[in-house]
Amino acid sequence: MLKTYAKCNSCCREYRCIVARDFRQCVYCRKESAEIIRSEEENKPLLTIELQDESSVPKVIYKGEEIKLKQEVEFHWETDTEEYGGLSYAIEHAVEGKIHPTRNRIERRVKGHALI
Ligand SMILES: [Zn+2]
C-alpha cells in the first residue's frame with residue numbers, strides 16, 4: 001500500500017492523505033491549497049513468524065499476507081562473522097483447489113545458502 005503525504009501552502013503543515021479529498025484540501029485548515037509532496041511504499045516486513053508458545057501453530061505473514069493451512073515452516077539464518085552469511089526459509093501450505101487440494105512451497109535461499 002502507498003502512503004501519500006501532502007503539504008498545505010496556506011498553513012504550511014504536512015499530513016498523511018487518507019481520503020482522495022486530502023490531496024487538495026488541507027485536513028487542518030480546510031483550504032484547498034494543499035499539494036502532494038511525496039508517496040512511499042508502506043514499510044511492511046517481508047516475513048513475520050509469530051509463535052505464541054511452544055505448542056502453538058506459528059502465525060506466518062509473507063509479503064503482507066497470512067499463510068493459511070500451513071504444513072511446514074522452516075527458517076534458518078546464520079553468520080560466522082559480523083555480517084550475515086546466509087538465509088533460507090521455506091513455508092509449505094495446502095491450497096484448496098476446485099477439484100483437489102494442492103500443496104504450495106515458498107522457498108528462498110539467499111547469499112551463502114544459495115550456493116550450497
Ligand atoms: Zn492548511
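**Note on an all-strand model**

1. From the N terminus on, the elements run β-β-β-β-β-β-β-β-β. The count comes to nine strands and zero helices. Keep in mind that this is a predicted model.

2. Next, the domains. The domain assignment splits the protein into domain 1, residues 2–41, and domain 2, residues 47–115. How far apart do the C-alpha centres of domain 1 and domain 2 lie? They lie 39 Å apart.

3. Now the overall dimensions. The protein has a radius of gyration of 22 Å, whereas a compact globule of 116 residues would have one near 13 Å. Along the principal axes, the C-alpha atoms fill a box of roughly 60 × 50 × 30 Å.

4. What share of the 116 residues is buried? Buried residues make up 6%. Contacts can be sorted by sequence separation. Take those between residues at least 6 apart in sequence: 34% of them join residues at least 24 apart.

5. Look at one sheet in detail. Strands 7, 8 and 9 form an open sheet in the order 7-8-9, with antiparallel pairing. Its edge strands are strand 7 (70–78) and strand 9 (102–111), and each pairs on one side only. On average, neighbouring strands of this sheet are turned by 5° against each other, direction ignored.

6. Finally, the pairing of strand 7 with strand 8. Strand 8 covers residues 86–95. How many bridges join strand 7 to strand 8? There are eight, and the two strands run antiparallel. One residue pair to find in the structure is Glu72 and Glu92: Glu92, in strand 8, is the bridge partner of Glu72.

Conventions. Residues are numbered from 1 along each chain as its sequence is written. This is a predicted model: local features need pLDDT of at least 70, side-chain atom pairs count only at pLDDT 80 or more; totals for chains, interfaces and linings use all residues. Two strands pair if DSSP finds at least two bridges between them. Helices (H or I, at least four residues) and strands (E, at least two) are DSSP runs, numbered from the N terminus. Axes are lines fitted to C-alpha atoms, for helices over the stretch in contact, and angles run from 0 to 180 degrees between N-to-C directions. Domain bounds come from an automatic or database domain assignment. The radius of gyration is taken over C-alpha atoms; the globule rule is 2.2 Å times the number of residues to the power 0.38. A residue is buried if 20 or more other C-beta atoms lie within 10 Å of its own, exposed if 12 or fewer, and partly exposed in between; C-beta atoms are placed from the backbone. Two residues are in contact if their C-beta atoms, placed from the backbone, lie within 7 Å.
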